[in-house]
Amino acid sequence: MPPSAADAAVAYLRAGLRPLPLRGKVPLLQRWQARRGPSEEEAAAWWVEWPSANVGIAVPSGRLVLDIDTLDAHGHDGTAGLAALETAHGPLPTTWTSRTG
């Protein structure tokens, strides 16, 4: 059984990241940018309050998120584009990855 959103949020928190609940891609917390990271209890409680919320991560300063769409509405394949960039410039460093779907 896959982990629940609350379980995932707590796991991200334990990994040193700052999870937050989203509706689609919109944070459900007011002034989320100014908030400190939640405790594990606070993070789990958010998914009691919003059980269908997605899990977002507040990206730490100095970090970059690369969103690769496998096939967009115009038929562009982001995976092929990334492969071409890596061929030209070298591979990306090993890092965290996430799949959504």
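This report covers the sheet, the salt bridges, the enclosed and open spaces, and a surface patch of a predicted model.

## Sheet

The sheet is open and has 3 strands. Their order is β2-β1-β3, and the pairing is antiparallel. β2 (26–27) and β3 stand at the edges. Each has a single partner strand, so one side of each is left without a neighbour in the sheet. Strands of a sheet pair through backbone hydrogen bonds, either parallel or antiparallel.

β1 covers residues 18–23. β1 pairs with β3 over 5 bridges, in the antiparallel sense. Two contacts show the register. Pro21 has Val55 of β3 as its bridge partner. Leu22 has Asn54 of β3. On the β2 side, 2 bridges join β1 to its antiparallel neighbour. Here Leu22 stands opposite Pro27. Leu22 thus has a partner in β3, Asn54, and one in β2, Pro27.

## Hairpin

β1 and β2 form a hairpin with 2 residues between the strands. Gly24 takes a positive phi there, near 70 degrees.

## Salt bridges

The whole structure has 2 salt bridges. One of the pairs is Glu40 with Arg14. Their closest N and O atoms are 2.9 Å apart. Why does this pair tie together separate parts of the chain? Glu40 lies in helix α2 (residues 40–49) and Arg14 in helix α1, so the contact links parts that are 26 residues apart in sequence.

## Cavity

Rolling a probe the size of a water molecule over the atoms shows where empty space is left. In this model, 1 cavity reaches 30 Å³ or more. About 50 Å³ of space lies in the largest cavity.

Its lining includes Arg18, Pro19 and Leu20. Leu29, Trp32, Arg35, Arg36, Pro38, Trp46 and Ala58 also line the largest cavity. Which element gives the most to this lining? Strand β1 does, with 3 residues. By class, the lining of the largest cavity has 7 nonpolar and 3 charged residues, with no polar ones.

## Pocket

The largest pocket has a volume of about 2,100 Å³. It is lined by 37 residues. Those closest to the pocket centre are Val65, Leu66, Trp96, Thr97 and Ser98. Four elements give two or more residues to the lining: α1 (5–14), β1, β3 and α3.

How does the lining of the largest pocket divide by class? There are 22 nonpolar, 9 polar and 6 charged residues. β1 thus has a part in the lining of the largest pocket and in that of the largest cavity.

## Surface patch

Leu66, Ile68 and Leu92 form a nonpolar patch on the surface. Together they have about 260 Å² of accessible area. Where does Leu66 lie? Leu66 is in the loop between β3 (54–58) and α3 (78–89). Leu66 is also among the residues closest to the centre of the largest pocket.

How values were computed
Residues numbered from 1 in each chain as written. Predicted model: local features only at pLDDT ≥ 70, side-chain atom pairs only at ≥ 80, totals over all residues. Heavy atoms only, no water. 1 Å grid on protein atoms, 1.4 Å probe; cavity = no way out; pocket = protein on both sides within 12 Å on 5 of 7 lines; lining within 4 Å. Points joined across faces, edges and corners; volume = space filled by probe spheres on them. Nonpolar A, V, L, I, M, F, W, Y, C, P; charged D, E, K, R; others polar. Patch = residues over 30% accessible without salt bridge, like charges linked within 9 Å, V, L, I, M, F, W, Y side chains within 5 Å. Areas by Shrake-Rupley, 256 points an atom, 1.4 Å probe, with all protein chains shown as cover. Salt bridge = Lys/Arg side-chain N within 4 Å of Asp/Glu carboxyl O. Pairing = 2+ DSSP bridges.
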